[in-house]
Amino acid sequence: PPNPSAAASLSAGVATGGAEDAASARSAGTVGGSGREEADKWTIFVSVVSYRDPECPCTLRDLFAKAACPDRVFVGLISQCDGKDDEECFLSGVVDPLLLRNVREVRMDWQEARGPCWARYLAQHMWQGERYFLQIDSHMRFAPGWDRFLIDELHRCPSPSLMAAATLHSRPVLSTYPPGYERTSAGHKGAQSKPSAFSTDRARGFDQNGIPEHPRPTILCASGFGPEGLPRFKARMLLAAPATPLPSLFWAAGFSFSEASLIKDVPYDPAMKYLFFGEEMSMLARLWTRGYDVFAPSKPVVFHFWSREYRPSFFSDVPDPYQLRDRSISRVKVLLGMPGKSSNTATAREQKNDAPEPVNGGGDAPEPADFRDNTIPSRRPSQSLHINTCGIHGLLETRFRSSHPAAGELCGSWRLDALEAKEPLGDSSSWGVYGLGTARGLSEFLDHVGLDLSTSAATEKAREGGMAVGSLL
C-alpha cells in the first residue's frame with residue numbers, strides 16, 4: 001500500500017501535477033488558430049475509480065487520444081489493485097508518457113477498497129479548479145472530439161427561460177447509460193476477449209476498436225425495484241436522434257458531465273461505504289433538490305463495456321464484517337424519506353449479477369474474531385491508505401474523535417469500519433452538504449421522477465424516461 005505521503009498529496013490535490021503547470025509545459029499540438037484560443041478558456045477534470053480493472057489503462061489512453069484538446073484534460077484516478085498480480089491495471093506503457101503528467105493517481109491495495117462511492121469521494125479531492133467535471137467508469141471508450149462536443153452540448157441544454165418556473169435556476173448535467181463497446185485486440189493491450197453480451201444495436205456494426213459505428217442516443221428509464229426497495233434503471237435507445245439534449249428523469253454514476261461546481265455543491269458522501277444500488281438515486285435526489293437538472297446527450301460520444309466477466313468483483317471479494325453496506329442503504333432510505341431500515345436481502349452474488357441494466361438489454365456491529373485488536377487480516381499491514389485518507393480528510397476529527405478518542409490515532413481500517421458502524425444515522429437535515437438541498441423539495445422530486453418509494457411503484461412516465469410512448473426502442 002502507498003505510504004502516507006501519497007495520501008497527503010491526495011489531500012492537497014497535487015498527486016502528480018497541477019493543471020496549469022502541465023498545460024503550460026506542453027503545447028496543444030493538435031489544436032490551432034481559434035481552436036487553440038478556445039482551448040485556453042477551459043479545462044476538464046475527469047474522475048475515474050478502478051477496482052482491479054485491466055481496461056482502465058486503455059480507457060485513459062482512449063480518453064486522451066480522442067480528445068480535441070488532451071492538454072486540457074486532467075484525470076483523478078483511484079486505482080484499487082494488487083501491486084504484484086495486477087500489472088495489466090497499471091498505466092505505464094499504455095498512456096502517452098507526456099500525458100501521464102495530467103493523471104493524478106493514488107494507488108491503494110484492493111483489500112482497502114470500500115466501494116464506488118467511497119472511491120469517487122476520494123477522487124473528487126484531486127480536483128484542482130478545472131472548469132468542467134466528467135465522471136466515468138474505468139471501462140469506457142470515446143468518440144473523436146468528445147471533450148468539445150460535451151462542452152458544446154452542455155451549453156445547448158434548454159434555456160431555463162424555456163423550462164418550468166421551479167427550474168429557473170437549474171444547472172444542467174449530461175448523463176445516461178452509454179451504448180456498449182466490444183473489447184478487441186486493437187483497443188486493448190491484451191488478447192482479444194469474448195464479445196460482450198450486453199453490446200448495443202449489434203446489427204449496426206462496430207469499428208476495429210470495438211466502438212459502434214452508428215450508435216443511437218440513449219435515455220434512462222425506471223426498470224423496477226430491488227429487494228431492498230430501491231429503484232433500478234436501464235437505458236433505452238431513441239428511435240430518432242434529437243436536435244438538442246433531452247431532459248432526463250434519472251442520472252447515471254458511470255457517465256456524468258457538468259460544470260465543476262457540482263463537486264462543491266453535491267460532493268460524494270464518504271459514509272456510503274459498500275453501496276452500489278442506491279448510489280444513483282441518492283445522488284440524483286441531492287442534485288435535483290439543489291437545482292441541478294439532468295439531460296441525455298443528443299448523440300453518444302462515450303461508450304461503456306457492460307460485461308463483468310473479465311474482471312474481479314469488489315462485492316464478491318472484499319468482506320463487509322460490520323455490515324456497512326446495510327448501513328449505507330439505511331442512510332439512502334433516510335435521505336429519501338423511506339420508512340424502516342434495510343433488511344440486507346441482496347447478497348454479494350446479487351450485487352455482482354443484478355447490475356444496472358445495459359442498453360436494451362446501522363447500530364452496533366459484532367467484531368468478527370479475525371478482525372479484532374485493531375487489525376485487518378494478518379496478511380496485510382494494519383496501516384494503509386484507507387485509514388490515512390480518513391484522517392487526512394477530517395473524517396476522524398469530525399465524526400469519531402468526540403465519541404471515540406482512540407480513533408484519533410492511526411489504527412487498522414477494519415477498526416475504523418467498526419467505529420463507523422456504531423455511529424447513529426440521525427436525520428438527513430443534519431447531514432449538511434451530504435443531505436438534500438433546499439431549492440426544491442423531496443415530494444416534488446419524487447413527483448418529478450414518477451416513483452412511489454413507499455409502494456415500490458413506477459409510473460408510465462418513469463418507465464418511459466419522461467418520453468412519449470413509442471419514441472424508444
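Cys56 counts as buried, at 2% relative accessibility. Cys69 is buried as well, with a relative accessible area of 1%. The model examined here is predicted. A search of the whole structure finds zero disulfides. For Cys56, distance accounts for this: the closest cysteine sulfur, in Cys89, lies 7.6 Å from the sulfur of Cys56, too far for a bond. The cut-off for a disulfide is a sulfur pair within 2.5 Å.

Cys56 falls within the numbering of helix α4, which spans residues 56-65. Helix α4 connects to the sheet through a β-α-β unit formed with β1 and β2. This unit is right-handed.

The sheet itself is open and has eight strands. Their order is β3-β2-β1-β4-β10-β6-β11-β9, and the pairing is mixed. The edges are formed by β3 (103-109) and β9 (246-248), each of which pairs on one side only. Neighbouring strands are turned by 25° against each other on average, direction ignored. Helix α6 (residues 146-155) packs on this sheet. Its contacts include β1, β2 and β4, together with β6 (171-175) and β10 (255-259). The direction of α6 makes about 65° with that of β10.

Strand β1 covers residues 44-51 and is mostly covered, with eight of its eight residues buried. In a regular strand the side chains alternate between the two faces of the sheet. Both faces of β1 are covered. On one side, Ile44, Val46, Val48 and Ser50 are buried. On the other, Phe45, Ser47, Val49 and Tyr51 are buried.

Strand β1 has β2 and β4 as its neighbours in the sheet order. Strand β2 (residues 73-81) runs parallel to β1, and eight bridges join the two. Within this pair, Ser50 stands opposite Ser79 of β2. Strand β4 (residues 132-136) also runs parallel to β1, joined by five bridges. Here Ser47 has Gln135 of β4 as its bridge partner.

At the β9 edge, the pairing is antiparallel. Three bridges link β9 to β11 (residues 292-296). Leu246 has Ala296 of β11 as its bridge partner.

Notes:
Residues numbered from 1 in each chain as written. Predicted model: local features only at pLDDT ≥ 70, side-chain atom pairs only at ≥ 80, totals over all residues. Heavy atoms only, no water. Buried < 20%, exposed > 50% of the residue type's maximum accessible area, 1.4 Å probe, protein only. Helix = DSSP H or I, 4+ residues; strand = E, 2+ residues; numbered from the N terminus. Pairing = 2+ DSSP bridges. Right-handed = clockwise from strand over helix to strand, strands pointing away. Axes fitted to C-alpha atoms, helices over the stretch in contact; angles between N-to-C directions. Contact = heavy atoms within 4.5 Å.
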